[in-house]
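Visitor: Hey, can you walk me through this one? I'm new to reading structures.
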Amino acid sequence: MEENQNNNLSNLSPVPKGIRDILPEDHQYLTYIKKVARHRSRQGGFRRIATPMMEREEFITAIHGKNSDLVKNNLYKFKDPEGNDMVLRPEGYSGIIRAYLAHEMKDWPQPIELYYIEPYFEFVPQEKKQFYRSYMEFGAVSIGEKAAALDAQLIYLAHKILQDLNIESLFQLQINHLGCEVCRPKYLMDLENYFVGKERSLCFSCQEKVANNPHYIFRCHEEDCQILSELAPKVNNYWCEDCSKFYNRLRSYLEALEISYRENLGLVGKYDFYTGLVFEYWDRDQKKENILLHGGSFDEVIGKISGEKIPAVGFNMRLEKAIKAMKKEKIKVPSKDNLQVFIAQLSREAKKKCLQLMISLREAGIKAIGVLGKGSIREQITLAEKFKVPYMIIMGLTEVRENIIILRDMKVGQQKVISYDDAVDVIKKLVGEENLDTYTEGELG
Ligand SMILES: [Zn+2]
Ligand SMILES: [Zn+2]
């Protein structure tokens, strides 16, 4: 009976479909990206926020709209033990909007500028080529003020981060303006009328969207849908005076900030709630499938929920995509994982002294492992080589008695004897002050 259970459990180890592990090698990139994102966000006056992993389904539906593709097909829904309909959060804006309302942030000095780096979930059907259902997202949001200069600053933040990550040249910034509550309704109506009667030329998914979500067709990758989208009415012909002014101002700010961009009147943004400015960083070969970062303003969303009109603009980026781009470019990131010292102990007597020495080395910021006492000295040297450790400490019975250690330089394969008491200072110098892994109290996190 028990044996059977064990057999069944061994089938549980594969990663669930669509979910992924971030292994140490990729995590170095993740750490680096987070560091850059934190640094640039703080510099820009953004403060970090973390919202819960789950939200009420009703709330997410209210934000995105019940006809949005996200709500219809891509939510990770579940019932909690009390029977409430919940979802794993699909993106970062919703939680921030809820927090903004819950904590009455409108009474704080405006604009509220926040950033986040958190895991998110989207239920993507398995048949899709890339059907990852969990990902890390970095995003920044500015709520409470409307000004082209704010939008320009947000784009500048995205631009700086991509530049710091050395991947900006792989992508191109595309911008568009979707109009406002004054001029947008007419545009959307004309768009709908344009597609009505052409349903037979559209793919199955797009056919359903003509009446309530014509922008969906702009995002479709099917050739026929794309051709029809290109011939559709152009939003710039509908902009009211305010929208034209806003857009021109934004462009002039981007130019002043030396950010290159491409105007793309077919760009509608990832979310249906985007209005006004939308922007995306596309792969240079302009494949729609490979959008690294997207953003836009969502001035009508908060009003829809609270009744009070409050402007907002934001962007977000999936970090796995940034990691992929960095690896493609063969960009090296500083790794803090590299071990510096391997301690080999060759007698039971040496174990205690080696353990003490290892703790002292670690306290000094030197990354040390070992003291396993397994195998011969040759075997332990081989193990140290596999760990790619630059220095090795060897202690046997003689060394314990004489209060010395053998210090081996793994690169040159030479060793020397030094006093046990000097070991930490000597190795600190060899490793170099700048490579010590230390932190000041209170700096953790
Ligand atoms: Zn307008
Ligand atoms: Zn289509």
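Visitor: How do α3 and α5 sit relative to each other?
Guide: α3 and α5 are roughly perpendicular to each other, a label for angles of 65 to 115 degrees. Helix α3 (residues 57-64) and helix α5 (residues 92-102) pack at about 105°, with axes 10 Å apart. Axes are lines fitted to C-alpha atoms, for helices over the stretch in contact, and angles run from 0 to 180 degrees between N-to-C directions. Helices here are DSSP runs (H or I, at least four residues), numbered from the N terminus.
Visitor: Which residues meet there?
Guide: Phe59, Ile60, Ile63 and His64 of α3 meet Ser94, Ile97 and Arg98 of α5, where contact means heavy atoms within 4.5 Å.
Visitor: Can I trust the positions?
Guide: This is a predicted model, where local features need pLDDT of at least 70, side-chain atom pairs count only at pLDDT 80 or more, and totals for chains, interfaces and linings use all residues. Residues are numbered from 1 along each chain as written, chains are lettered from A and ligands numbered from 1 in written order, and side-chain values use heavy atoms, leaving out hydrogens and water.
Visitor: New topic: what coordinates the zinc ion (ligand 2)?
Guide: Cys203, Cys206, Cys220 and Cys225 do, each through SG, at 2.2 to 2.3 Å. Donors are N, O and S atoms within 2.8 Å of the metal (3.2 Å for Na, K and Ca), and water is not among the atoms, so sites may look incomplete.
Visitor: And how are they spaced along the chain?
Guide: The donors of the zinc ion (ligand 2) follow C-x2-C-x13-C-x4-C. Cysteine 206 is in helix α8 (residues 204-209) and cysteine 225 in helix α10 (residues 223-231), so the pair ties together parts 19 residues apart in sequence.
Visitor: What's the site's geometry?
Guide: The site of the zinc ion (ligand 2) is tetrahedral, with angles of 106 to 112° among its four donor atoms; four donors earn that label if all angles lie between 85 and 135 degrees.

Conventions. Four donors count as tetrahedral if all angles lie between 85 and 135 degrees; four count as square planar and six as octahedral if opposite donors are over 155 degrees apart and all others between 65 and 115; anything else is irregular. Helices (H or I, at least four residues) and strands (E, at least two) are DSSP runs, numbered from the N terminus. Angles under 35 degrees count as roughly parallel, over 145 as roughly antiparallel, 65 to 115 as roughly perpendicular and the rest as oblique.
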